[in-house]
Amino acid sequence: MAEVCLQKKAEMKEQRRLKPLMLVGTGSDVGKSVLATGLCRVLLQDGYAPAPFKAQNMALNSYVTPEGLEIGRAQATQAEAAGIPCHTDMNPVLLKPSSDHSSQVVLNGRVIGNRDAYEYFRREGREELRTEVHKAFDRLSSRYHPIVLEGAGSVSELNLKDSDIVNMPMAMYADARVILVGDIDRGGVFASVYGSIMLMSPEERKHVCGIIINKFRGDLRLFDEGRRILEELCSVPVLGVVPYYRDIHIEGEDSVALAAKNEASAKGKVNVAVVMLRYLSNYTDFDVLERDERVHLYYTNDSEELQHADIIIVPGSKSTLADLRELRRNGAAQAIIRAHATGTTVFGICGGFQIMGGEISDPQHIEGDIERLPGLGLLPVTTVLTEAKVTRRTAFCFLDREEECTGYEIHMGRTLPVEGAVASPLNRLTDGTTDGYFADRSCMGTYLHGILDNATVVDYLLAPFVDKSPCQGSFDYARYREEQYNKLADHLRKHIDIGRIYKLMEDTEA
């Protein structure tokens, strides 16, 4: 892909520069992120060197850049679709919710502290953030073109408009061509599209050059009249009506996508249960298992459903102690311990690794008021939470395997074996250090996100149970992801007037 990217950059020099393109939405979860991903791939296929940009993202799903800095996972996915390495300039501000009212703020890939929602969205300090966002965009647009920008939430949140750094103010700074995305699956698409445009200022409306209706179900001809009505009402062309699909799989932006996941076990495959945590982070760790034909993956904290699992995965968490307390309250902690005692494999990732130990302590109250809790006691380790946040990509060997694997770390805390426990690392990193703990084949934990993207690890976990599934053989996840980006691009080309979008991006008077 790197060679393809260089070739596209060379070809790009022969083409006219395009204005940036920005997708804003009538609300949250209208599909902006996936559409931006698909458009990045379309532009790459057509000889450009695009890059994604989202000024501010709120998500627990994050990723680590090659430089060891943190960005939203959605922008990393979009960068992969664009054929380029991800960079913090693609997502300069990342908010990671740590409670109902507060978030950890990551600026240019580094944590700058925690803010409550009111404090963060007040006008104080917003100009400093706006300046950083603009600098990031300028750096990015000097290296790639065109930039595909993504807004956040609704474009018409009037109460937050003065402090907005991600929607129309960003579009106007970038001089972007703006497409408004509406989700027809939710209903009320006429009111939401028309209302969103009418609530914009006259200056903002000048930048809106098109409308895309997303997630349509049924016969597209039924919306022909709807398209005409919208264009007359809004004086803006409808550039496409994109049907809902089930056969294209692109990583979702955040835990809202979990609502569509399985919640119960099934027969005929290896049942893998991911423990549903309130502050579950980096759920894309499990995408590869969800696509593996040998596996039935489901999310649950129901005690009975946990008992039906062959493998239980305790995932990462943004608020590990709060989630551990809830697991003890709702009975899931006891269910996991019982399941392991009867032969279920338990595997912890990041916060889940911490939860599987004997104790987690937070003497500096980094996460909140809970200072100490006993863990599940499945691994002979203890964790102390620390202010320093580890963010880095890693190469490693799993157990005694020689194949080199890759993953990434995003965590706060240090986990060590208890006194008297034998050192038993799960992974040997190429820098000479170790990671995780291996108690036995049915009980292990790691700090490495993305560990399950490696076939060596997945095949090892599934081996004791794989006779339950008629499907055999490893799953090539990297090739699968490339196929999905190309399928998404084909889908958008079929249902969006890409040629008209190019003309709008070229036309300086549009």
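Here are a few questions and answers about this predicted model, its sheets and some of its residues. Residues are numbered from 1 along each chain as its sequence is written, and side-chain values use heavy atoms, with hydrogens and water left out. Local features need pLDDT of at least 70 and side-chain atom pairs count only at pLDDT 80 or more, while totals for chains, interfaces and linings use all residues.

Reader: Which strands stand at the edges of the open sheet with the order S3-S6-S7-S8?

Author: Happy to start there: this sheet of four strands has mixed pairing. Strands here are DSSP E runs of at least two residues, and helices are H or I runs of at least four, numbered from the N terminus; two strands pair if DSSP finds at least two bridges between them. One side of each edge strand lacks a neighbour in the sheet because each has a single partner strand, and these edge strands are S3 (56-58) and S8 (110-116).

Reader: Which residue in S6 stands opposite Asn57?

Author: S3 and S6 (residues 93-97) pair in the parallel sense over three bridges. Opposite Asn57 in S6 stands Leu94.

Reader: What is the average twist from one strand to the next in the sheet S2-S9-S1-S10-S11-S12?

Author: This open sheet has six strands with parallel pairing. Its edges are S2 (51-53) and S12 (238-243), each with a single partner strand. Angles run from 0 to 180 degrees between N-to-C directions of axes, which are lines fitted to C-alpha atoms, for helices over the stretch in contact. The twist averages 20°.

Reader: At about what angle does helix H7 run to S10?

Author: S10 (residues 177-183) and S11 (residues 208-216) run parallel, joined by six bridges. Helix H7 (residues 189-198) lies across both strands, with contact meaning heavy atoms within 4.5 Å. The angle of H7 to S10 is about 150°.

Reader: Is Tyr194 buried or exposed, or partly exposed?

Author: Tyr194 is found in helix H7. Buried means under 20% relative accessible area and exposed over 50%, with partly exposed in between (1.4 Å probe, protein chains only). Tyr194 has 33% relative accessibility, so the residue counts as partly exposed.

Reader: How far apart in space are Ala395 and Val274, C-alpha to C-alpha?

Author: Ala395 has its place in strand S21 (residues 381-398), and at 18% relative accessibility Ala395 counts as buried. Leaving aside neighbours within four places in sequence, its contacts include Glu404 and Arg428. Val274 is 121 residues from Ala395 in sequence, and their distance in space is 25 Å.
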